[in-house]
Amino acid sequence: MCRKGEIRVDGARVRASTRVAAGQEVRIPPLPEAAAPRPRSPARPVDADVRMIRAAVLFRDDHLIVLNKPPGLPSQGGSGQGARHVDGLAGALTFGRPERPRLVHRLDKDTSGVLLLARSRRIARALSGEFQARRTRKIYWAVVAGVPQPPMGTIRFGLRKAPGHGPHGGGERMLCVHPRDMDAAPDARRATTDYAVLHALGRRASWVALVPVTGRTHQLRAHMAGVGHPIVGDGKYGGPGQENPGHGWGAQLGGDISRRLHLHARSLRLTHPVSGEEMTFTAPLPPHMRSTWETLGWREEDTPADPFVEQGR
């Protein structure tokens with residue numbers, strides 16, 4: 001019900017982890033009559049999807065599995081998704097172990113790149129604690145409209161949810177709130193993103209590295225659109241209704257490039273929960289972004305793995 005938007009607190013969609021405070025109004029749909037539930041067989045993944053998810057494995061040991069998630073594959077299921085999402089395909093990643101791997105974090109459906117799974121409940125708890133304490137480091141690559149100025153900086157807009165449309169709240173978006181207006185927006189959550197311009201195509205587009213210091217829903221997409229440089233291919237935050245200097249940017253880069261989201265979780269650095277070793281996992285670009293790099297004359301090897309190191313970020 002939470003995923004479908006059927007449960008609302010003060011009119012806003014909630015997660016299963018949302019905590020209710022005194023005085024809030026909670027809306028739930030009519031509950032079905034108590035009756036013996038009909039057994040449902042879980043949807044079974046097709047063989048092609050099993051091969052796809054196994055081919056996406058970048059690393060595995062007795063405790064972790066690291067995927068290079070393909071774009072277009074949801075991390076978790078929702079209404080009408082069936083089994084075609086990472087969580088639904090986790091049964092194909094047991095590799096002889098009794099437990100199904102568990103997602104430790106998520107990526108948006110159209111975002112590709114490094115995605116971490118734990119191979120036991122204990123390891124999942126330990127890794128979740130690392131993410132919550134911000135002891136992991138995630139670097140994303142993106143192509144954005146225009147060239148952000150200065151070429152390296154920090155975005156500190158807060159984020160609040162704007163209600164979606166339709167019976168289940170489809171189309172919900174995150175809206176940027178300027179830091180000076182945060183006190184007047186009690187429903188906004190503070191969010192911080194570091195960015196660095198790696199290469200530019202004149203003034204039309206640039207390749208940027210992004211570090212989400214906080215981990216809010218759609219944070220990178222909303223932040224880049226909020227500063228006037230939406231991510232190429234982002235119809236939700238960079239469409240024609242977006243009022244920023246990047247308006248109309250899609251057609252400028254060519255139809256094929258602008259049809260797909262150019263946001264990729266390039267690397268993840270963490271401390272192994274058992275060995276204590278510091279590990280960094282790097283995901284190659286997906287085909288549509290690799291094609292864009294070739295078209296624009298950019299090369300993956302021409303940029304440092306972590307462009308923020310010298311600046312101490």
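How many bridges join strand β1 to β2, and do the two strands run parallel or antiparallel? In this predicted model, 2 bridges join β1, which comprises residues 8–9, to β2, and the two run antiparallel. Within this pairing, Val 9 of the chain stands opposite Ala 12 in β2. The two strands belong to an open sheet of 3 strands, ordered β2-β1-β3 and paired in antiparallel fashion. Its edges are formed by β2 (12–13) and β3, each of which pairs on one side only.

Strand β3 spans residues 26–27 and contains Val 26. This residue is partly exposed, because its relative accessibility is 45%. Val 26 also takes part in a nonpolar surface patch, together with Met 1, Val 20, Ile 28 and Leu 31. The accessible area of the patch amounts to about 480 Å².

The protein as a whole contains 6 helices and 15 strands. Of its 313 residues, 45% are buried. The exposed surface is about 17100 Å², of which 48% is supplied by carbon and sulfur atoms. Where contacts between residues at least 6 apart in sequence are considered, 62% join residues at least 24 apart.

The interior was examined next. In soluble globular proteins, nonpolar side chains tend to be buried together. The largest nonpolar core of the model has 29 residues. Ile 53, Leu 67, Val 86, Leu 210 and Leu 263 have the most contacts inside this core. Two or more residues each are contributed by α1, β5, β7, β8 (137–145), β13 (205–212), α3 and β14 (263–271). With residues up to four places away in sequence left out, Ile 53 touches Leu 67, Leu 73, Val 86, Leu 89, Ala 92 and Leu 93. Another core, of 17 residues, lies apart from the largest one and includes Ala 209, Leu 285, Met 289 and Trp 293.

Trp 293 is also among the contacts of Trp 298 when neighbours within four places in sequence are set aside. The other residues touched by Trp 298 under that condition are Val 143, His 199, Ala 200, Leu 201, Ser 206 and Trp 207. Trp 298 is located in the segment after α6 (287–296). With a relative accessible area of 9%, Trp 298 is buried. The C-alpha atoms of Trp 298 and His 199 are 7.7 Å apart, although 99 residues separate the two along the chain.

Helix α3, one of the contributors to the largest core, has 7 of its 8 residues buried and is therefore largely enclosed by the rest of the structure. The buried residues are Gln 219, Leu 220, Arg 221, Ala 222, His 223, Met 224 and Ala 225. After the helix comes Gly 228, which has a positive phi, near 90°.

Charged pairs were then considered. The model has 9 salt bridges. In one of these, Asp 108 is bonded to Arg 221, with 3.0 Å between the closest N and O atoms. This pair links distant parts of the chain, with Asp 108 in the loop between β6 and β7 (112–118) and Arg 221 in helix α3 (residues 219–226), 113 residues apart. The partners differ in burial: Asp 108 is partly exposed, at a relative accessible area of 26%, whereas Arg 221 is buried, at 11%. Asp 108 and Arg 221 are joined with Asp 234 in a network of salt bridges.

A further salt bridge is formed by Arg 84 and Asp 49, whose closest N and O atoms are 3.1 Å apart. Arg 84 is in the loop between β5 (64–69) and β6 (102–103) and Asp 49 is in helix α1 (residues 47–55), so the pair ties together parts that are 35 residues apart in sequence. Arg 84 is partly exposed, with 39% relative accessible area, while Asp 49 is buried, with 10%.

In the salt bridge between Glu 99 and Arg 102, the closest N and O atoms are 2.8 Å apart. Glu 99 is partly exposed, at 33% relative accessible area. Arg 102 likewise counts as partly exposed, at 24% relative accessibility.

How values were computed: Residues numbered from 1 in each chain as written. Predicted model: local features only at pLDDT ≥ 70, side-chain atom pairs only at ≥ 80, totals over all residues. Heavy atoms only, no water. Patch = residues over 30% accessible without salt bridge, like charges linked within 9 Å, V, L, I, M, F, W, Y side chains within 5 Å. Areas by Shrake-Rupley, 256 points an atom, 1.4 Å probe, with all protein chains shown as cover. Salt bridge = Lys/Arg side-chain N within 4 Å of Asp/Glu carboxyl O. Helix = DSSP H or I, 4+ residues; strand = E, 2+ residues; numbered from the N terminus. Buried < 20%, exposed > 50% of the residue type's maximum accessible area, 1.4 Å probe, protein only. Contact = heavy atoms within 4.5 Å. Core = buried A, V, L, I, M, F, W, Y, C linked by side-chain atoms within 4.5 Å. Pairing = 2+ DSSP bridges.
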